[in-house]
Amino acid sequence: MSLVTEHHRHGNNPFGILSKWGRHDDGEQKVLVLNVLLLGGRQSGRSSVGNALIGGEEFKTGTCISGVSMTTEHQLLRRNFPRYFRRKGAESDLTLRVLDTPPSFPRPKSVHELCPEGVHVLVLVVRADMHYNTHLEEHVETLFGPEWRRHALLVITHADHLKEAGLQPSDYLTQTTDWLRALAAKVEGGVLFVENSCDWPSVRGRPIRDRLLNLSARNHHSALTVRTEVSL
């Protein structure tokens, strides 16, 4: 696997070389490039989910305020997974471009500038024991319109709290807050639960990538367009 950090300063466009389907320089191996946007509140585990997706520990958090680690800027990483899946009988690479965002929700124009080709998959991240981000769905719809749910999956982190409470994931979803239960019902990519262990990003990376790839395939690898005419 190869890892590339992409810079994202205003006025630059490092995305021009990327398209949905492409070929390596040898003209043989096909590669599918997917743009993935991570969204979630403070301490939700966005960076850990990003690390799981790319299979590393490159997503970093910012300064620590009152013991709370915070991502303070956009972080964009790209990783290629050679011969990850087969399409029409041929082996294809999967390249993920994963964008982590600060806990303060990004403005539409900023997202468009960072992802000018659109977003293939939205990964919404919520902690099982913290339900304060009640406006997450509202913000996502502002960014992408009602089509967002076709491209979204929900990852619930710190699921070890469910075990401590003696709850199964299905029980948790029936007993959780109204907004989170409604959100889980709307995302067409389904819900994934991950526990808060030191090695879960490496253990859970493949299942999350597979779910993401399957969701994108159901949408024929089409991308959501950011609605820049609205503001938050």
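User: Why does Leu162 count as buried?
Analyst: Happy to start there. Leu162 has a relative accessibility of 5%, and buried means under 20% relative accessible area, with exposed over 50% and partly exposed in between (1.4 Å probe, protein chains only). Leu162 therefore counts as buried. Please keep in mind that this is a predicted model, in which local features need pLDDT of at least 70 and side-chain atom pairs count only at pLDDT 80 or more, while totals for chains, interfaces and linings use all residues. Residues are numbered from 1 along each chain as its sequence is written, and side-chain values use heavy atoms, with hydrogens and water left out.

User: Where is Leu162, and which residues is Leu162 in contact with, leaving aside neighbours within four places in sequence?
Analyst: Leu162 sits in helix 4; helices (H or I, at least four residues) and strands (E, at least two) are DSSP runs, numbered from the N terminus. Contact means heavy atoms within 4.5 Å. With neighbours up to four places away set aside, Leu162 is in contact with Ala128, Leu167, Gln168, Pro169, Tyr172 and Phe193. The C-alpha atoms of Leu162 and Glu195 are 9.2 Å apart, although 33 residues separate the two in sequence.

User: What makes His158 buried?
Analyst: The relative accessible area of His158 is 12%, so His158 falls on the buried side of the 20% limit. His158 lies in the loop between strand 9 (152–157) and helix 4 (160–164). Beyond four places in sequence, His158 is in contact with Arg127, Ala128, Asp129, Val194, Glu195 and Asn196. Its phi is positive, about 55°, although His158 is not a glycine.

User: Why is Gln43 called partly exposed?
Analyst: Gln43 has a relative accessible area of 35%, which lies between the two limits, so partly exposed is the right term. Gln43 is found in the loop between strand 3 and helix 1. Like His158, Gln43 is not a glycine, and Gln43 has a positive phi of about 65°.

User: How do you know that Phe59 is buried, and what is its relative accessible area?
Analyst: Phe59 comes in at 4%, so it meets the cut-off for buried. The residue is in the loop between helix 1 (46–54) and strand 4 (64–65). Its contacts, apart from neighbours within four places, are Ser47, Gly50, Asn51, Ile54, Gln75, Leu77, Val98 and Asp100. The C-alpha atoms of Phe59 and Leu76 are separated by 8.4 Å, with the two residues 17 apart along the chain.

User: What makes the largest nonpolar core a core, and how many residues has it?
Analyst: A nonpolar core is a set of buried Ala, Val, Leu, Ile, Met, Phe, Trp, Tyr and Cys residues joined through side-chain atoms within 4.5 Å. The largest such set has 33 residues, and those with the most contacts inside it are Leu122, Leu124, Phe144, Trp148 and Leu154. Strand 3, helix 2, strand 8, helix 3, strand 9, helix 6 and strand 10 (191–193) each supply at least two residues of this core. A second, separate core of 27 residues includes Leu53, Tyr84, Leu96 and Leu213.

User: What do the buried residues of helix 3 pack against?
Analyst: They pack against strand 3 (30–40), helix 2 (108–114), strand 8 (121–127) and helix 6 (178–186). In helix 3 (residues 136–144), the buried residues are Leu136, Glu137, Val140, Thr142, Leu143 and Phe144. Gly145, with a positive phi near 80°, follows helix 3.

User: How many cavities of 30 Å³ or more does a search of the whole structure find?
Analyst: The search finds two. A cavity is a set of points, on a 1 Å grid over the protein atoms alone, where a 1.4 Å probe fits but cannot get out; lining residues have an atom within 4 Å of a point. Grid points are joined across faces, edges and corners, and a volume is the space filled by probe spheres set on the points. By that reckoning, the largest cavity holds about 60 Å³.

User: Which residues line the largest cavity?
Analyst: The lining consists of Gly41, Arg42, Gln43, Ser44, Val125, Val126, Arg127, Met130, Tyr132, Asn133 and Leu136. Strand 8 gives the largest share, three residues.

Technical notes
On a 1 Å grid over the protein atoms alone, a cavity is a set of points where a 1.4 Å probe fits but cannot get out, and a pocket is an open set with protein on both sides within 12 Å along at least five of seven lines; lining residues have an atom within 4 Å of a point.
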